[in-house]
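Some questions and answers on the structure shown here follow. Each answer works towards the value or name asked for.

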Amino acid sequence: MKKLIYLSSGLLLLLLSCKSVQTISSSSNTNEDKTLNARIAQMSIEEKIGQTCQITLDVISQTDANGAVSAPCVIDTAKLNEAILKYHVGSVLNVGAHTLSLEEWKGIIPAIQHSYVTGKTKVPVIYGIDAIHGVNYTVGATLFPQEIGLAATWNPELAKTFGEITAYETRASGIPWNFSPVLDLGRQPLWSRTFETLGEDPYLISQMGSAIIDGYQGGTNPDEYHVAACMKHFVGYSAANSGRDRTPAWIPEKYMKELFLPSFKAAVEHGALTVMINSGAVNGVPGHINHHLITETLKGEWGFKGFAVSDWEDFIMLHTVHSTSPSLADAYVQAFNAGVDMSMVPLSPQYQEYCNIMVNAVKTGKISMERLDDAVRRILLVKSRLGLFERPVPTFENYPKFGSAEFQQASLNSALESITLLKNENGILPLSKNQKVLIAGPTSNNLIYLNGAWTHTWQGVDTAYNTSGCLTVREAFEKKLGKENCLFSQGAELYSNEGFEKTRFVNLPDYKEKLKQADVVVLCLGELPATEKPGDILSLNLDIEQRELAKLAYEQNKKVIIVLLEGRPRIIHDIVPQADGIIQAYLPGNYGAEALVQLMFGDVNFSGKLPYTYPKFDGVIEFYDHPKSVDRSKSGDFSAYNPEWDFGYGLSYSNIRYSDLTVSQEIFSDKDSIAVSVRVKNESAISCKEVIQLYVSDDYASMIPSGKSLKRFYKMEIPAFTEVKKTFYLNKTDFQFFGSNGAFIMEDGVFTISIADLSRKVSCKKK
Ligand code: BGC
């Protein structure tokens, strides 16, 4: 019986490995193709397999007596030679346990490229790194708000600037490839990586994600100041049913097409050069063996020409975790034949074993030479587009703006446009300067709470690497008001207990005493920095101890402003009604506290808007574009869509009035473009940046239509007492949905176009 099972699984693997492979052509005649083909023709099987192998820097670094990477980080020549000369490894990633200085990078990158520079190897190494909110692994780099905060700016220009600066500083570190942006759909608020996403809406993600890619790459041939982007994590990683990192997701085809794929498709259209594959499984198929999605959809249908890299150890995990491959050898063949071009193996001795197994798989025909050449051609294409063949080592002196005041200002600007005002009652904000302010709460007094994970270390909790000169919330208030006008008592602290975040009180008597002395309390709540598995949580509700700090302040009838420094929207419903002010700061980066203070004192107007639906109850998790039929019972808490705050919500200090929503035609066909115009007036004495949001909904459709979907947005400055007019253009794709016939369709009928509280009906009659 056992034998039979082995036989049938072997057959299945053979079938899978023989499945038709979408390859990029070897017969094309462009100069680029000719050069690539000539290079490939000179390579042995071993050299080609080496190109598909990615190892971590630790593998080739000198270590101390305990096996830890020594500091400063120095390359171990024997280990390097084994990797590069013996196994022909084509890619290295990331750093060891901590951030490196520019000086260290100046030693590491030339050492890694030495064999190529001296003609011992034919192909340079491509170094990849997670520079996800700035170059978080280089000392002194400019750290921006995390992606969720960037999304809250609703300003693609800022996203592009973030991309440009991050690319510049990545290159300044000698690195040409960034594992960013995350384009995953943020619709599982429990997920630890919600902060790495651009929110819950496919259109917002597509616009902001593509802008980041434009900034990173500066086109499809990144010069020495730009890097290759990496779309992550293709696709469905963010939707784990359990909410736990890397666990299975079940995504109906309709949602896959309408919600999950569009941001990746847009990124491919913007020329993204690489993609990283989803570590989890969707509909029972691990991301790394999903031939349909990787080879047919991404490379075939969309024409993606770059290469696909696995996520961490994910070839191996097909065997050890997913249990879809009975052996490591099967796993490697399956993943590679599904279309993953490079394996982040990434440790030793696993990488040597990977290379040996893969060479054997090619020699025994389990992997065809055509498929191997295709993967290598894609990898060489990206190396060539990055100029690595000509400039494997950068001129490190060419980056004088690294960590400059100009770049820091750009990060501050992003934070200013990101931080979102959710509640402002009783005239609490803007704050006046002549009040005694108590700064309190677990996230008030350390930079790590502004930056989150992927900051100097993977989890971002080590305070030793905090950037000197950057301010915590407490310090920013003290700078603004003078220490004598600020009180401080933390009240509680966050800690990790058996892998899960917990809160405990810290000197409550002191907190209660300081409350008595304060006119206003700025209470900073939130989360411990964490990502991936370590960021899993047991409940979306913010810990009771944190909420208790607010309640203690309410008991003393204090004016309270809650500042949230959190990666995902944690439920705080019981402390919302009595708060005078609530501000969502997300993870605003190194300059986030300065931005917060400027906004809270009215030096700058708020303009951030929520990039996700903020839940009110953990039993009522729905999204803004839910089908209308979700709202069967609209009365109060019975409604199945009952958020604390809506997607797109955010207050400012201005009074904005929308009027004159007009459409160019009330009846349109699939050939037409409709112009939608609206007037927006800033009726206040303070200038503002308003995000004009246009939504469309289908009044009746053959499948339950969504209540509304975001189709366009535009953020614009509106000076005090000024009226502006904005026109958007819609076409047939804005009225389509993925129908039961398995295609995007636009049905005849009535649609509602809405902007703010105005709406217009239009009718579609196809020609
Ligand atoms: C993460 C990726 C990351 C990679 C390399 C993985 O664990 O899922 O997002 O790019 O590690 O650090």
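Buried means under 20% relative accessible area, exposed means over 50%, and partly exposed lies in between. The model is predicted.

Q: Are Lys48 and Asp373, which meet in a salt bridge, buried or exposed?
A: The side chains of Lys48 and Asp373 meet with N and O 2.8 Å apart. Under 20% relative accessible area a residue counts as buried. On that scale, both Lys48 and Asp373 are buried.

Q: How many residues apart in sequence are the parts that Lys48 and Asp373 tie together?
A: The two side chains form a salt bridge. Lys48 belongs to helix H3 (residues 45-51) and Asp373 to helix H15 (residues 369-385), so the parts tied together are apart in sequence by 325 residues.

Q: How many salt bridges does the count come to?
A: A pair is counted when a side-chain nitrogen of Lys or Arg is within 4 Å of a carboxyl oxygen of Asp or Glu. Lys48 with Asp373, at 2.8 Å, is one such pair. By this rule the count comes to 41.

Q: Is Asp574, the salt-bridge partner of Lys551, buried or partly exposed?
A: The closest N and O atoms of Lys551 and Asp574 are 2.7 Å apart. The pair links distant parts of the chain, with Lys551 in helix H20 (residues 544-555) and Asp574 in the loop between strands S17 (559-565) and S18 (581-584). Lys551 has a relative accessible area of 24% and is partly exposed. Asp574 has 35% relative accessibility, so Asp574 counts as partly exposed.

Q: What is the relative accessible area of Arg712, which forms a salt bridge with Asp734?
A: In this salt bridge the closest N and O atoms are 2.9 Å apart. Asp734 sits in the loop between S24 and strand S25 (737-738) and Arg712 in strand S23 (residues 709-718), so the pair joins parts 22 residues apart in sequence. Asp734 is buried at 8%. Arg712 is buried too, and its relative accessible area is 16%.

Q: Which residues are joined into one network by salt bridges that share partners?
A: Side chains of opposite charge can pair when their charged atoms come close. Here salt bridges with shared partners make one network of Arg193, Glu196, Asp245, Arg246, Asp311 and Glu532.

Q: How much of the accessible area of the ligand does the protein cover?
A: The ligand is surrounded by 14 residues, the closest being Asn94, Asp130, Arg193, His233 and Asp311. Polar side-chain atoms lie 2.7 Å from a ligand oxygen in His233, 2.6 Å in Asp311 and 2.8 Å in Glu532. Of the 310 Å² of accessible area that the ligand has on its own, the protein covers 96%.

Q: How many residues of the shell around the ligand are charged?
A: The shell holds 14 residues. Of these, 6 are nonpolar and 2 are polar, and the number of charged residues is 6.

Q: Why is strand S21 described as largely enclosed by the rest of the structure?
A: Strand S21 covers residues 674-682. Strand S19 (residues 656-663) runs antiparallel to S21 and is joined to S21 by 6 bridges, while strand S24 (residues 722-730), also antiparallel, is joined to S21 by 9 bridges. S21 is largely enclosed because, of its 9 residues, the number buried is 7.

Q: Which residue in S24 is the bridge partner of Ser677?
A: S21 pairs with S24 in an antiparallel arrangement. On the S19 side, Ile656 has Asn682 of S21 as its bridge partner. In S24, the partner of Ser677 is Thr727.

Q: Which residue does a cis peptide bond join to Leu429?
A: One cis peptide bond joins Ser348 and Pro349, with omega about 10 degrees, and Pro349 is in the loop between strand S10 (343-344) and helix H14 (350-363). Another has omega of about 0 degrees and involves a residue in the loop between strands S11 (420-424) and S12 (437-440). The residue joined to Leu429 is Pro430.

Q: Is Phe721, with its positive phi, buried or exposed?
A: Trp454 has phi near 55 degrees and is buried at 4% relative accessibility. Phe721 has phi near 50 degrees and is found in the loop between S23 and S24. At 57% relative accessibility, Phe721 counts as exposed.

Key: Residues are numbered from 1 along each chain as its sequence is written. This is a predicted model: local features need pLDDT of at least 70, side-chain atom pairs count only at pLDDT 80 or more; totals for chains, interfaces and linings use all residues. Side-chain values use heavy atoms; hydrogens and water are left out. Buried means under 20% relative accessible area, exposed over 50%, partly exposed in between (1.4 Å probe, protein chains only). Helices (H or I, at least four residues) and strands (E, at least two) are DSSP runs, numbered from the N terminus. Two strands pair if DSSP finds at least two bridges between them. A residue is near a molecule or strand if one of its heavy atoms lies within 4 Å of it. A polar contact is a pair of N or O atoms within 3.5 Å; within protein, one must be able to donate a hydrogen and the other to accept it, and residues adjacent in sequence count only if both atoms are side-chain atoms. Accessible areas come from the Shrake-Rupley method with a 1.4 Å probe; for residues, only the protein chains shown count as cover. Ala, Val, Leu, Ile, Met, Phe, Trp, Tyr, Cys and Pro count as nonpolar, Asp, Glu, Lys and Arg as charged, and the others, Gly among them, as polar.
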